[in-house]
Amino acid sequence: MSNTAMFVMVGGVVGMIAMFFAGWLTFKRLSENRVMSAEKQAEKIVHDAEKEAEAQKKAAILEGKEEWFRAKQKFQKETQSTRQEMQNSEKRLAEREANLNRRVDLLDRKEKDLHKQEGELGKLREEVDEARRKVQESLREQNARLERIAGMTADEAKQLLITNMEGEARSAAARSLNEIREAAKRNSEREARRIMTIAIQRLAADHSIESTVSVVALPSDEMKGRIIGREGRNIRAFETATGIDVIIDDTPEAVILSGFDPVRREVARVALERLVADGRIHPGRIEEVVEKATKEMDERIREIGEQTCLDLNIHGTHMDVVKMLGRLRYRTSYGQNILEHSKEVAYLSSMMAAELGLDTQIAKRAGLFHDIGKAVDHEVEGPHALIGMDVLRRCGETLAVLEGVGFHHNDGESDSPYPVLVQAADAISGARPGARRETLETYVRRLEKLEEIADAFPGVEKAYALQAGREIRIMVEHKHVDDARAQGLAHEIARKIEKELQYPGQIKVVVIRETRAVEYAK
């Protein structure tokens with residue numbers, strides 16, 4: 001049994017070894033087959049790649065030939081174009097050369113003609129010199145003959161003739177000058193009246209006198225107590241925030257806002273009306289509403305300025321000037337609204353400029369901006385005309401507009417006609433009936449000051465203010481003031497009134513000089 005088991009075991013081992021060798025041989029054969037298949041596949045890939053490379057090579061050669069052909073055609077076209085341009089240039093050069101040759105020939109002919117004319121001119125000059133010499137000899141002979149006849153030399157005769165002619169010329173010139181001056185004065189006054197009358201007739205402006213107070217209606221008298229507040233804290237907070245006095249009197253269901261700054265007064269009116277409508281009135285709410293009303297007022301001022309420029313067809317205005325125009329809506333002069341007054345002056349200046357053949361746009365801009373300085377004259381020192389001129393200069397306005405604004409109150413000298421136009425339009429606007437107002441006290445004080453200014457001049461006997469201060473008549477002493485001095489005195493008084501007195505419109509100064517001869521029949 002043991003030998004059989006041993007044989008079995010040996011047989012199993014031998015079988016396993018045989019199976020191993022059989023498997024190895026099979027694996028080796030399969031591996032060799034795979035290697036051969038891979039080599040064949042690799043050869044196929046290499047063969048395909050060689051074919052594809054050959055095809056790409058042929059395609060590249062064909063593409064290169066086509067590119068060379070296109071480049072050749074392009075070069076041929078450029079060469080042909082260049083050759084054509086060279087031919088054209090040669091043709092133009094040939095034409096210019098031919099023209100130049102013709103001009104040279106023409107210049108040669110002109111030069112020959114010039115030499116010929118110079119020769120003829122030389123002969124004529126000799127003939128003229130000879131004729132001049134003969135004339136001078138004849139004049140000397142005649143002068144000698146005249147000197148013997150007149151008994152004086154030629155220089156003495158010349159001096160006598162010049163003296164006589166000078167006297168006659170001066171007399172004739174003086175007469176002509178007086179006639180021209182009188183005619184010019186008559187014509188200028190007549191033409192000025194005509195132009196102003198046309199402008200006034202064409203413009204019919206509305207006038208409304210504005211006061212320095214605003215009235216705010218209340219729903220009931222109980223609201224007055226709420227406006228005053230506990231121990232007056234509400235009214236004090238309101239007056240502090242707005243800068244306007246609140247007057248609470250016996251007027252039923254109304255309070256009065258008083259102040260000389262129309263912008264502040266309008267802000268206060270709007271704020272108070274909103275507080276009354278809301279019903280919540282206390283210091284914190286007052287400050288909030290006043291601040292909001294102030295911002296809305298700034299926006300309203302800008303809109304008013306823009307609308308004004310649009311109404312007058314004025315464009316290209318700086319935004320700072322637009323805002324200042326809007327502020328003029330809330331400023332007054334002698335009760336006259338300055339913005340409406342400025343618009344009226346703009347229209348009048350434009351109309352008069354059209355009659356005179358001047359630039360209407362320049363006249364209109366100068367008229368509209370002539371009082372622009374009043375929007376900031378409480379902040380800047382100096383005359384409002386010069387303040388406005390400085391502001392407009394910084395905002396890029398033209399020189400003609402600057403002169404029209406800055407010199408319309410004779411604060412400077414200019415040859416431009418626009419200051420005169422603005423001055424005339426300003427006077428017309430201010431002198432319209434109902435345009436401006438004065439209190440009785442201011443009116444009386446102005447008349448007294450007017451007479452006081454005139455009485456201060458030497459030689460003045462008595463001064464009388466007439467026509468509500470629009471005219472002053474001055475009686476002078478005839479022994480101390482002659483006719484020439486009377487004219488100068490009127491001018492001096494008018495200039496001093498302009499410097500020292502504020503008044504609406506214009507004032508006519510009349511100096512009266514008379515000599516009274518008195519005799520008694522006995």
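This report covers the overall make-up of the chain, one helix pair and two loop residues.

**Overall picture.** The model is predicted. The protein chain holds 14 helices and 8 strands. Of its 522 residues, 29% are buried. The exposed surface comes to about 35900 Å², and carbon and sulfur atoms supply 54% of that area. Contacts between residues at least 6 apart in sequence were also sorted by separation: 62% of them join residues at least 24 apart.

**Helices H10 and H11.** Helix H10 spans residues 384-394, and helix H11 spans residues 399-406. They pack at an angle of about 160°, with axes 8 Å apart. Roughly antiparallel is therefore the label for this pair, since the angle is over 145 degrees. The crossing of H10 and H11 is right-handed. H10 contributes Ala385, Leu386, Gly388, Met389, Leu392 and Arg393 to the contact. H11 contributes Leu402, Val405 and Gly406. By class, the contact has 6 nonpolar, 2 polar and 1 charged residues.

**Two loop residues with positive phi.** Glutamate 231 has a positive phi and is not glycine. Asparagine 313 likewise has a positive phi and is not glycine. The table gives the values.

| Residue | Phi | Loop between | Relative accessibility |
|---|---|---|---|
| Glutamate 231 | near 55° | helix H3 (222-228) and helix H4 (233-242) | 72% |
| Asparagine 313 | near 60° | helix H6 (283-311) and helix H7 (319-328) | 43% |

Glutamate 231 counts as exposed because its 72% relative accessibility is over the 50% cut-off. Asparagine 313, at 43%, lies between the 20% and 50% limits, so it is partly exposed.

Definitions and conventions
Residues are numbered from 1 along each chain as its sequence is written. This is a predicted model: local features need pLDDT of at least 70, side-chain atom pairs count only at pLDDT 80 or more; totals for chains, interfaces and linings use all residues. Side-chain values use heavy atoms; hydrogens and water are left out. Axes are lines fitted to C-alpha atoms, for helices over the stretch in contact, and angles run from 0 to 180 degrees between N-to-C directions. Helices (H or I, at least four residues) and strands (E, at least two) are DSSP runs, numbered from the N terminus. Angles under 35 degrees count as roughly parallel, over 145 as roughly antiparallel, 65 to 115 as roughly perpendicular and the rest as oblique. A crossing is left-handed if the near helix is turned anticlockwise from the far one by less than a right angle, and right-handed if clockwise. Contact means heavy atoms within 4.5 Å. Ala, Val, Leu, Ile, Met, Phe, Trp, Tyr, Cys and Pro count as nonpolar, Asp, Glu, Lys and Arg as charged, and the others, Gly among them, as polar. Buried means under 20% relative accessible area, exposed over 50%, partly exposed in between (1.4 Å probe, protein chains only). Accessible areas come from the Shrake-Rupley method with a 1.4 Å probe; for residues, only the protein chains shown count as cover.
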